[in-house]
Amino acid sequence: MTTRVVRLDPLKPDRSVLEEAAEVLRKGGLVAFPTETVYGLGADAFSRTAVLRVYEVKRRPLDNPVIVHVSRLEMLGDVAEDVPQYVLRALERSWPGPLTVVVRRRPSLPKEVSGGLDTVAVRMPGHPVALGLIEALGKPIAAPSANLSGRPSPTRAEHVVEDLWGSVEMILDAGPTFFGVESTVVDVTRDPPLLLRPGPIGVEELEKVLGKGVDVPDWARGLEGPPERAPSPGVRYRHYAPRTTLVLVELRPDGLQGLVRRVMNVVREELKKGRRVAVIASRETAEAYKSLGIKVVVLGARENLFEVARNLFEVLRLIDGLEVDVAIAEGFEEISIGLAIMNRLRKASSVIV
Ligand code: TXA
Ligand code: MG
């Protein structure tokens with residue numbers, strides 16, 4: 001299949017291109033498009049065959065449900081039912097934005113969207129291209145991240161091209177995405193609500209928006225293997241992992257100095273074994289490793305965790321090209337978007353120290 005890549009202005013997308021893309025979706029085709037978090041791989045949410053194709057081209061297990069994207073709050077009622085009042089009020093305030101809620105699925109929405117579950121994950125993306133595409137179709141769009149299953153989510157159209165070239169009809173390229181990590185996912189069919197995946201909306205903010213305490217299980221932090229019957233199938237699968245061994249050195253009470261010291265120790269041990277080493281560091285600490293004569297990749301500044309998040313997946317994609325045997329990543333504080341960063345880093349690494 002030939003894939004068309006079309007460039008679009010992220011803020012003022014060309015209406016005729018959005019119309020063309022919507023026509024592709026109407027015919028059962030797949031269109032990759034930018035959101036404010038990562039690029040999504042879109043299909044008409046009400047077309048069973050199109051949705052099944054999404055799983056197929058991503059090589060995604062059929063029991064791992066995808067997110068439904070809406071452009072207006074009223075559209076929520078087309079795909080979901082029994083949404084609690086307090087949730088509706090919260091969504092009125094925080095949509096569009098990087099917040100996904102898991103609610104009861106309306107039976108008329110194909111169950112394949114939800115991997116067979118009777119719930120559905122829904123969000124309203126805050127990106128003019130995504131919103132314009134949903135509006136042009138006039139229906140909700142089912143869209144997981146536009147990467148091959150297990151690979152880091154795409155934050156640029158080039159990443160989508162790497163993973164899905166030749167297997168989708170169209171890729172809308174509007175440049176790099178804003179947040180760089182996927183949306184916060186919260187299950188509001190439970191009381192208290194349960195955090196399924198940390199994202200740009202931090203737990204503190206989420207609790208404020210919902211007006212309720214939220215449960216944050218250890219597996220949502222990426223700290224332990226998920227339970228046998230995890231409420232979110234996505235957490236059962238290994239994610240984001242580069243082929244190169246990734247060692248994560250956690251931030252501990254010994255602070256930033258202690259962290260640098262512990263990273264240095266791991267580097268020296270690896271060098272002694274004759275391995276080629278790279279460190280994935282922060283702007284504040286990068287200088288310390290230069291004396292070791294190894295490659296240093298800077299994710300961003302600790303004082304701006306949003307910058308770190310924005311660069312994270314691109315760096316995880318780049319590790320395998322560094323020609324090293326082991327990459328050692330520094331940990332970050334679990335506040336705000338930092339929890340999302342640590343969840344992704346823990347899932348991507350093979351060793352955590
Ligand atoms: O930012 C995002 O959320 C991006 C953009 C494209 O919107 N989308 C995204 O979708 O990350 P995906 O499919 O890669 O991740 C969806 C996550 C998975 O972990 C999945 O298991 C979980 O949400 N999920 C989806 N529906 C669910 C449901 N009904 N119950 C529990 N978890 C669900
Ligand atoms: Mg994904």
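**Chatting through a predicted model**

Me: Is D63 buried, exposed or partly exposed?
Reply: D63 is partly exposed, because its relative accessible area is 31%, and partly exposed runs between 20% and 50%. Keep in mind that this is a predicted model.

Me: Where does D63 sit in the fold?
Reply: You'll find D63 in the loop that links α2 to β4 (67–69).

Me: And how far is D63 from S114?
Reply: In sequence they are 51 residues apart, but in space the C-alpha to C-alpha distance is 7.7 Å.

Me: Back to α2, then. Which of its residues are buried?
Reply: Helix α2 covers residues 48–58, and the buried ones are A50, V51, V54, Y55, V57 and K58.

Me: Huh, a lysine in that list. What covers the buried residues of α2?
Reply: The cover includes two strands, β3 (39–44) and β8 (141–142), plus helix α6 (157–164).

Me: What comes right after α2?
Reply: R59 follows α2, and its phi is positive, near 55 degrees. For context, most residues other than glycine have a negative phi.

Me: Which other residues have a positive phi, then?
Reply: E323 and S336 do: phi is near 55 degrees for E323 and about 50 degrees for S336. Neither residue is a glycine.

Me: Where are those two, and are they buried or exposed?
Reply: E323 is in the loop between α10 (305–318) and β15 (326–330), and it counts as exposed because its relative accessible area is 59%, with exposed meaning over 50%. S336 is in the loop between β15 and α11 (338–348). S336 has 29% relative accessibility, so it is partly exposed.

Me: Switching to prolines. Which peptide bonds are cis?
Reply: One joins W95 and P96, with omega about -5 degrees. Another runs from D191 to P192, with omega near 0 degrees. Most peptide bonds are trans.

Me: Where do P96 and P192 fall?
Reply: In loops: P96 is between α4 (85–94) and β6 (99–105), while P192 is between β10 (184–187) and β11 (194–197).

Me: W95 again. Which residues have the most contacts in the largest nonpolar core?
Reply: W95 is one of them, along with L41, L133 and L172. That core has 79 residues.

Me: What does L133 touch?
Reply: Leaving out residues up to four places away in sequence, L133 touches L18, A21, A22, L25, V31, F33, I141 and L172. Apart from that core lies another, of 29 residues, among them A278, A327, A340 and M342.

Me: Zooming out, how many helices and strands are there?
Reply: The protein chain has eleven helices and 16 strands. Its radius of gyration is 20 Å, close to the 20 Å that the globule rule gives for 353 residues, so the protein chain is as compact as a globular protein of that length. The C-alpha trace spans about 60 × 45 × 35 Å along its principal axes.

Me: What share of the residues is buried?
Reply: 58% of the 353 residues count as buried. As for contacts with a separation of 6 or more, 69% are between residues 24 or more positions apart.

Me: And the surface and charges, what do they look like?
Reply: The protein chain exposes about 14,700 Å², with carbon and sulfur atoms supplying 50% of that. There are 48 positive and 47 negative side chains, and the centres of the two sets are 2 Å apart.

Definitions and conventions: Residues are numbered from 1 along each chain as its sequence is written. Chains are lettered from A and ligands numbered from 1 in the order in which they are written. This is a predicted model: local features need pLDDT of at least 70, side-chain atom pairs count only at pLDDT 80 or more; totals for chains, interfaces and linings use all residues. Side-chain values use heavy atoms; hydrogens and water are left out. Buried means under 20% relative accessible area, exposed over 50%, partly exposed in between (1.4 Å probe, protein chains only). Helices (H or I, at least four residues) and strands (E, at least two) are DSSP runs, numbered from the N terminus. Contact means heavy atoms within 4.5 Å. The radius of gyration is taken over C-alpha atoms; the globule rule is 2.2 Å times the number of residues to the power 0.38. Accessible areas come from the Shrake-Rupley method with a 1.4 Å probe; for residues, only the protein chains shown count as cover. Lys and Arg count as positive and Asp and Glu as negative; His and the chain ends are not counted. The place of a charge is taken as NZ of Lys, CZ of Arg, CG of Asp or CD of Glu. A nonpolar core is a set of buried Ala, Val, Leu, Ile, Met, Phe, Trp, Tyr and Cys residues joined through side-chain atoms within 4.5 Å.
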